[in-house]
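Please load the model in a viewer and keep the selection panel at hand. The tour proceeds by selections, each followed by a description of what is found there.

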Amino acid sequence: MKYPTFFSYLTLSSILTLTPVKLGLAQTQNSLLNYQKIVQDQISHNLGNQINRLYQQGEKQLKAGQLQGALNSYQQALAIAKKMGNSQFLQGLILQRIGIVYGYLSEYKKALQNYEQAGKFFQAEGKTKDVAWTLIYIGNVFRDLQNFEEAEKFYQQALEISKKIGSRDVEGESINGLGSLYNIQEN
C-alpha cells in the first residue's frame, strides 16, 4: 500500500499558515512555488496515467477488431497529450496508431494525414527508426490503393534508413512490403 506523503495533504492555505511572517516574503514565495510544482507534477502524473490507460485500451480494442472503439481511445489519448504539451514523440506514436486504424477502415486519406504528422513529430525528435516504420505504413496505404510506384518509393526509403541505422526488424518489414508489392503486381 502506498501511503501519501505529507506534501500531498498541504493546501495553499496550510502553506501560508505554516509559513510565519517572520520567515519573510522570499521564503513564502519559495514555499508557494514548491507547492505549485508538487501540484503540477501530480497533475502531469495523473494525465500521463490517463494517456497510458487510453492508449492501452486502444491497443486491446484494435487487437479485438473494435476499430471505432480503438479510434476513440487513441483520439482521447492524443487530445490529452496535446493539452499537456507532451512530447512530440508520444503524439507521434498515438498518431501512428490512429493511422493504422484508419487504414483498416479503408479511410486512406485520413490514414496518410496521421502518418505524415507522426513522421514529422518523429523527425523533430530524432526518432529515425520510428520515421522508417511510418514510411512502411505509408507504403502499405499506397499498396492498398494499388499505387505501386508510390508504395515502392516509401518501402525503399524505409529500407535505406534501416540499413543506415542497423535495424533488422525495419529492414525485414521493408523487404516484406516490397515482396508483397511485387507479388501483387505479378498476379
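Select Gln68: is this residue buried or exposed? The model is a predicted one, and in it Gln68 has a relative accessible area of 52%. Exposed means over 50%, so Gln68 counts as exposed. Gln68 belongs to helix 3. Now add Leu105 to the selection: 37 residues separate Gln68 and Leu105 in sequence, and their C-alpha atoms are 8.9 Å apart in space.

**The whole chain**

Return to the full view and colour by secondary structure. The protein chain contains 8 helices and 0 strands, in the order α-α-α-α-α-α-α-α along the sequence. Of its 187 residues, 38% are buried. For contacts between residues at least 6 apart in sequence, 51% join residues at least 24 apart. With the surface displayed, the accessible area is about 11,600 Å², and carbon and sulfur atoms account for 52% of this area.

**Helix 3**

Select helix 3, residues 67-84. Does its length agree with the expected span, and what are the two values? The 18 residues should span 26 Å at 1.5 Å a residue, and the end C-alpha atoms are 26 Å apart, so the two agree. Show side chains for the buried residues of this helix: Leu67, Ala70, Leu71, Ser73, Tyr74, Ala77, Leu78, Ile80 and Ala81. Just beyond the helix, select Gly85, where phi is positive at about 70°.

**The nonpolar core**

Next, select Leu62, Tyr74, Ile94, Ile98, Val101 and Tyr115, the residues with the most contacts inside the largest nonpolar core, which has 44 residues. The elements giving two or more residues to this core are helix 2 (25-63), helix 3 (67-84), helix 4 (88-104), helix 5 (108-125), helix 6 (128-144), helix 7 (148-165) and helix 8 (168-186). Helix 6 provides the largest share, 9 residues.

Centre the view on Ile94. Which residues does Ile94 contact, apart from its neighbours within four places in sequence? They are Ile51, Tyr55, Tyr74, Ala77, Leu78 and Ala81. Among them, Tyr74, Ala77, Leu78 and Ala81 are buried residues of helix 3.

**Helix 5**

Move to helix 5, which has 18 residues and reaches 26 Å from its first C-alpha to its last, close to the 26 Å expected. Its buried residues are Tyr108, Ala111, Leu112, Asn114, Tyr115, Ala118, Gly119, Phe121 and Phe122. Helix 4 and helix 6 are included in what covers them. Immediately after helix 5, Gly126 has a positive phi of about 75°.

**Aromatic rings and a charge**

Display the aromatic side chains. How many aromatic pairs does a search of the whole structure find? The search finds 5. Select Tyr115, Trp133 and Tyr137 together: these residues form one aromatic cluster. Tyr115 is also one of the buried residues of helix 5. Then select Phe89 and Lys127; Lys127 lies over the face of the Phe89 ring, at 4.9 Å from the ring centre.

**Two loops with positive phi**

Most residues other than glycine have a negative phi. Against that background, select Ser106, which is not a glycine and has a positive phi of about 60°. Ser106 lies in the loop between helix 4 and helix 5. At 46% relative accessibility, Ser106 is partly exposed.

Now select Gln146, in the loop between helix 6 and helix 7. Its phi is also positive, near 60°. Gln146 has a relative accessible area of 59% and is therefore exposed.

**Final stop: helix 8**

Select Glu173, located in helix 8. Is Glu173 exposed, partly exposed or buried? With a relative accessible area of 31%, Glu173 is partly exposed. Apart from neighbours within four places in sequence, Glu173 is in contact with Trp133 and Ile136. Trp133 is a member of the aromatic cluster selected earlier. Finally, add Tyr155: its C-alpha atom and that of Glu173 are separated by 8.7 Å, with the two residues 18 apart along the chain.

Conventions. Residues are numbered from 1 along each chain as its sequence is written. This is a predicted model: local features need pLDDT of at least 70, side-chain atom pairs count only at pLDDT 80 or more; totals for chains, interfaces and linings use all residues. Side-chain values use heavy atoms; hydrogens and water are left out. Rings of Phe, Tyr and Trp (its six-membered ring) pair if their centres lie within 6.5 Å; planes under 30 degrees apart count as stacked, over 60 as edge-to-face and the rest as tilted. A charge sits over a ring if NZ of Lys or CZ of Arg is within 6 Å of the ring centre and within 35 degrees of the ring normal. A nonpolar core is a set of buried Ala, Val, Leu, Ile, Met, Phe, Trp, Tyr and Cys residues joined through side-chain atoms within 4.5 Å. Buried means under 20% relative accessible area, exposed over 50%, partly exposed in between (1.4 Å probe, protein chains only). Helices (H or I, at least four residues) and strands (E, at least two) are DSSP runs, numbered from the N terminus. Contact means heavy atoms within 4.5 Å. The expected span of a helix is 1.5 Å times one less than its number of residues. Accessible areas come from the Shrake-Rupley method with a 1.4 Å probe; for residues, only the protein chains shown count as cover.
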